[in-house]
Amino acid sequence: MIFRPQIQPWHPSSTLAIEAALAVLKLAPTKFQQFSAALFEHQKEYFDANVVNETRNQTYERLAKLASKEVGVDEEAVMGLLRISDKPSAGGDLNGGNGVTADVKIMTKVRGYERGRGIPCGMDRRCDRVY
């Protein structure tokens with residue numbers, strides 16, 4: 001079975017939740033599936049109505065706490081990968097992303113490629129068949 005997280009752009013917090021999962025994957029690859037299960041169990045905490053009044057970094061902080069509590073990944077290390085700066089980079093970049101932005105871009109491009117080839121893509125979490 002292949003597990004493929006999929007961002008739902010119509011639910012902005014889905015990007016943040018998947019970024020948190022990618023941070024866990026980078027820091028503790030063996031905990032990725034366990035953390036993904038924890039996200040499913042706690043998903044309503046990150047639905048639109050429950051994040052609308054938070055900043056992006058505040059939602060990241062809650063996700064980092066969840067990673068620490070549920071799977072024992074260091075909360076500060078997760079935040080180190082997720083935090084978005086409110087200052088321009090040394091080169092003046094105002095849209096630098098975070099420590100998993102490149103991973104999200106790759107994942108999104110792969111999903112787009114799969115769609116173009118007719119490989120099934122669900123509306124949210126999905127377990128595709130093994131190819």
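User: Which backbone nitrogen does a side-chain oxygen of Asp-74 reach at the start of α5?

Analyst: This is a predicted model, in which local features need pLDDT of at least 70, side-chain atom pairs count only at pLDDT 80 or more, and totals for chains, interfaces and linings use all residues. Residues are numbered from 1 along each chain as its sequence is written, and side-chain values use heavy atoms, with hydrogens and water left out. Helices (H or I, at least four residues) and strands (E, at least two) are DSSP runs, numbered from the N terminus. At the start of α5, the side-chain oxygen of Asp-74 comes to within 3.3 Å of the backbone nitrogen of Glu-76.

User: Why do the buried residues of α5 lie on the same side of the helix?

Analyst: Buried means under 20% relative accessible area and exposed over 50%, with partly exposed in between (1.4 Å probe, protein chains only). In α5 (residues 75-82), the buried residues are Val-78, Met-79, Leu-81 and Leu-82. They are on the same side of α5 because they cover, by the directions from the helix axis to the C-beta atoms, an arc of only 160°.

User: Which exposed residues does the face of α5 turned away from its buried side carry, and what covers the buried residues?

Analyst: The cover of the buried residues includes α1 (12-27) and α4 (56-71). On the face turned away from the buried side, the exposed residues are Glu-76 and Gly-80.

User: In what order do the elements of the protein run?

Analyst: The protein has six helices and two strands. From the N terminus on, the order is β-α-α-α-α-α-α-β.

Methods: Contact means heavy atoms within 4.5 Å. A polar contact is a pair of N or O atoms within 3.5 Å; within protein, one must be able to donate a hydrogen and the other to accept it, and residues adjacent in sequence count only if both atoms are side-chain atoms.
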